[in-house]
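This report describes the surroundings of a bound ligand and then turns to a pocket in the protein. The sequence and the structure are shown first, and the description follows.

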Amino acid sequence: MTLIADNPITLCTPSRVLCADGARHRIAPLCKSLGWRQALVVSDRWFTQNSPALAELLQTLEQQGIAAHVFDGGEPDPSTTLVDRATAWVREQGVAPDHVIAWGGGSNIDLAKALCVTVSSGRPVAELVGHANWPAPPLPLVAVPTTAGTGSEITPGAILIQPGSATKVALMANALRPAVAVIDPELTWSCPPRVTADAGLDALTHAIESWLTLDASAFDNAGDPDPGYSGRNEVTVMFAREATRLAFSHLATAFDHPKDRTARNAMARASLYAAMSYATAGLNAVHGLAYALAGLTHASHGSTNAVMLPYVMDALVEYRSDELADIARLAGAPEADVRTMARQAPVLTRELVRRLGLAGDLVTFGVTEDQLPGLIADGLSVTRLAKAWPGDPADEAYARIVRNAFFGQLSGETSR
Ligand SMILES: NC(=O)c1ccc[n+]([C@@H]2O[C@H](COP(=O)([O-])OP(=O)(O)OC[C@H]3O[C@@H](n4cnc5c(N)ncnc54)[C@H](O)[C@@H]3O)[C@@H](O)[C@H]2O)c1
């Protein structure tokens, strides 16, 4: 690995990242000190009906002299239709928010991010996706994740379903990174096991996929002076490695024991560190193919990532053997030669996926063989991800990955 000498260091993050049990109590005083007075709070009905922590936030905002307008119509995997409906709701309230507070999982955060753009721009979201020259700068965002996690509180993107589109679309620009990320592990204690598994495997995917991705020195920024994603460097790799270690050590405990403080804290950090890696380094084939699989099946984001991850890792054994051997070590593999260790990393990752009750191959996922060509083509069509593939030509690699994922074939199974 020649990461240190050859790769320029870039790190793009929100300007404030708070992470601690109870960090939520700092939100209202911080918003006041930043001079904000009109909050648009974006969440969903589960939280307005069940979350004392959200009720407490609304109370403390009022105590700080901040008027809060609550949109609680958030839905899993927000669509462009939902964004336009929520934008119309804000307009109907006759208020002009000076900041937005996102409260919930990645879905509510992405909806809030989109509203930061549409409310200030006054345009339908379909006119704003795919480019970043928006009519007005986005409103500042305070992102408060309740899952661990998507890392959306750190990233420059809002991922949306667009009716009629085979894959998800994105609003993407560094200006869309939240102004403040508030990660309070206590907010994740109420996550049901399914949500814990989905989100935790999403975080593990972010860590591993960005650890193995293209070097910054080889990344094509297409002349953009301010790219959101720009390849891995020594700093992103430090975050990715620690996130991987934490997720392999603590995700199963958080799944089995939702109120285990140590495990919830570790997973909140795993999610944060994974995002500190991928939100600069970027992602490639796992997410490209997962978006296509979600378009086909409408399954959850974490489950579509989890089923593809081991097969993408396996396809990189030739190109990233040292890193994969290290991942195997973090997953608990006994010492062996580098090649054997590297092949164990995908096997152990799939064991964790299945241990958490998710599908470890595409047949179990419900995909049929005739759907494979469409899946490969749709995955490749997400060119911003396919261009970061660090191995052999992306079209050949994606085809091999999808077939192996369908038949559940990993090269390390025979070497165990
Ligand atoms: N913008 C980005 O950079 C980025 C990155 C990764 C994923 N995403 C997006 O994030 C979404 C997935 O987010 P997610 O995995 O966090 O799930 P989610 O936000 O879709 O939430 C899933 C369900 O869990 C519930 N929930 C969330 N937190 C809870 C809690 N603490 N207690 C009880 N219930 C809770 C929600 O109400 C919802 O019903 C996808 O739409 C994906 O595309 C975005």
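## Ligand site and second largest pocket

Because domain 1 (16–188) and domain 2 (193–413) both give residues to the shell around the ligand, the ligand lies between them. The model is a predicted one, and the contacts described here should be read with that in mind.

The shell around the ligand holds 27 residues, of which D77, S107, T147, T155 and S190 come nearest. Sorted by class, this shell is made up of nine nonpolar, 12 polar and six charged residues. Three side chains place an N or O atom at a short list of distances from polar atoms of the ligand, as set out in the table.

| Residue | Ligand atom | Distance |
|---|---|---|
| D77 | oxygen | 2.5 Å |
| D110 | nitrogen | 2.8 Å |
| Y278 | oxygen | 3.4 Å |

On its own the ligand has 870 Å² of accessible area, and the protein covers 89% of this. The elements that contribute two or more residues to the shell around the ligand are helix 3 (45–50), helix 6 (106–121), strand 6 (157–160) and helix 7 (193–211). Among these elements, helix 6 provides the largest share of the shell, namely four residues.

The second subject of this report is a pocket of the protein. The second largest pocket encloses about 210 Å³ of space, and its lining consists of R24, W46, F47, N50, S51, P52, A53, W103, E186, L187, W189 and S190. By class, this lining has seven nonpolar, three polar and two charged residues. At least two residues of the lining of the second largest pocket come from each of helix 3 and helix 4 (52–63), and helix 3, with three residues, gives the most.

Two parts of the protein link the descriptions of the two sites. Helix 3 is one of the elements that give two or more residues to the shell around the ligand, and helix 3 also supplies three residues to the lining of the second largest pocket. S190, likewise, is among the residues that come nearest to the ligand, and S190 is also listed in the lining of the second largest pocket.

Notes
Residues numbered from 1 in each chain as written. Predicted model: local features only at pLDDT ≥ 70, side-chain atom pairs only at ≥ 80, totals over all residues. Heavy atoms only, no water. Near = heavy atom within 4 Å. Polar contact = N/O pair within 3.5 Å; in protein donor to acceptor, adjacent residues only side chain to side chain. Areas by Shrake-Rupley, 256 points an atom, 1.4 Å probe, with all protein chains shown as cover. Nonpolar A, V, L, I, M, F, W, Y, C, P; charged D, E, K, R; others polar. Domains from an automatic or database assignment. 1 Å grid on protein atoms, 1.4 Å probe; cavity = no way out; pocket = protein on both sides within 12 Å on 5 of 7 lines; lining within 4 Å. Points joined across faces, edges and corners; volume = space filled by probe spheres on them.
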